[in-house]
Amino acid sequence: MEKDTPQKRDIIFYIRRFDPEHDEAPWLQQFTVQVERGMTILDGLHQIKETQDSSLAWRFSCRMGVCGSCAMLINGKPALACNTQILEVTNHIITLAPLPNFAIIKDLVPDLRPLFEKHRYIHPYIKREDLEEMTNPTGEYFQSPQELEKYLQFTYCIKCGACIAACPTMATDREYLGPTALAQAYRYNTDSRDGGFKARKDMVEFPHGVFSCHYAGECSRVCPKGVDPARAIQLIKRELVLDYLKLKRHKKPALALNPSEREEQKPRTLAPPFTVES
Ligand code: FES
């Protein structure tokens, strides 16, 4: 029997449980949680662990939508548990499951190793030929605000795995590089300080690479940080086609500036106007 008060409401949590040491297959367990306004899914899980079943496992760290470790399937949609208020998604029942398209370590904990291995594979860092400048820097590489704008949104990725969990291509091909790695390949290729396009070309073009994407767009729909990996993937395809047709303009990566040049190149930022009378 549910007990509702203006402040608190009983919400039923159906949680998919799986312990590889004891279970042959995942199973559903029901919990009732007293929820008040402002409680997140993560708070609900803590309440269950503290008062009902201490064996329940999930992953979290920052509690503020930054680390990406608490991503799970919430009512069938990949989302961050710490960033989802219970009463915003339900008044009655909630179902929680681990992210699809990953192996399950235990209960709500997916094995994210393939995500990080594929991310590492595309060389997610500035690549250049002037290794001397990279190892013994003499100045900073200049980048204008307009150049930064071209890839800025892709830097917001927190590697939570929500896009991979939502990707239909990944559901049928576990070797597929996936939206996280491909969006980061585009992010570095587009960085005006980077010269790694040629090196990354073979990495993203192989049979399980960028052309496996069917443009379902689910990755962008579920991203909790508003990143658009589907767009990045289409833009990589465009770059590769232009390169194949020898129409791609290969710009030289930005040079290091000495201190006097740096002063000249610095964008002049004006202070915003006063909003109150002094
Ligand atoms: Fe860090 Fe949720 S706990 S994103």
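Q: Before we start, where do the domain bounds come from?
A: Domain bounds come from an automatic or database domain assignment. The model itself is predicted.

Q: OK. Which domains is the chain divided into?
A: Domain 1 covers 8-110. Domain 2 covers 113-261.

Q: What separates their centres?
A: The centres of domain 1 and domain 2 are 32 Å apart, taken over C-alpha atoms.

Q: And how many residues does each domain put into the contact?
A: Domain 1 puts in 16 residues, and domain 2 puts in 13 residues.

Q: Which strands supply at least two residues on the domain 1 side?
A: β3 (71-74) and β4 (77-80) each do, on the side that touches domain 2. β4 gives the most there, with four residues.

Q: What is that side like by class?
A: The side of domain 1 that touches domain 2 has 11 nonpolar residues, four polar and one charged.

Q: Switching to the core. How many residues are in the largest nonpolar one?
A: It has 55 residues. Those with the most contacts inside it are A71, M72, L96, A162, L182, A185 and I236.

Q: Which helix gives the largest share?
A: Helix α8 (residues 178-190) does, with six residues of this core.

Q: Why does the core lie between the domains?
A: Both domain 1 (8-110) and domain 2 (113-261) give residues to this core, so it lies between them.

Q: Back to A185. What is it in contact with, leaving aside neighbours within four places in sequence?
A: A185 is in contact with I122, R200, V204 and I236. Both A185 and I236 are listed among the residues with the most contacts inside the core.

Key. Residues are numbered from 1 along each chain as its sequence is written. This is a predicted model: local features need pLDDT of at least 70, side-chain atom pairs count only at pLDDT 80 or more; totals for chains, interfaces and linings use all residues. A nonpolar core is a set of buried Ala, Val, Leu, Ile, Met, Phe, Trp, Tyr and Cys residues joined through C-beta atoms within 7 Å. A residue is buried if 20 or more other C-beta atoms lie within 10 Å of its own, exposed if 12 or fewer, and partly exposed in between; C-beta atoms are placed from the backbone. Two residues are in contact if their C-beta atoms, placed from the backbone, lie within 7 Å. Ala, Val, Leu, Ile, Met, Phe, Trp, Tyr, Cys and Pro count as nonpolar, Asp, Glu, Lys and Arg as charged, and the others, Gly among them, as polar.
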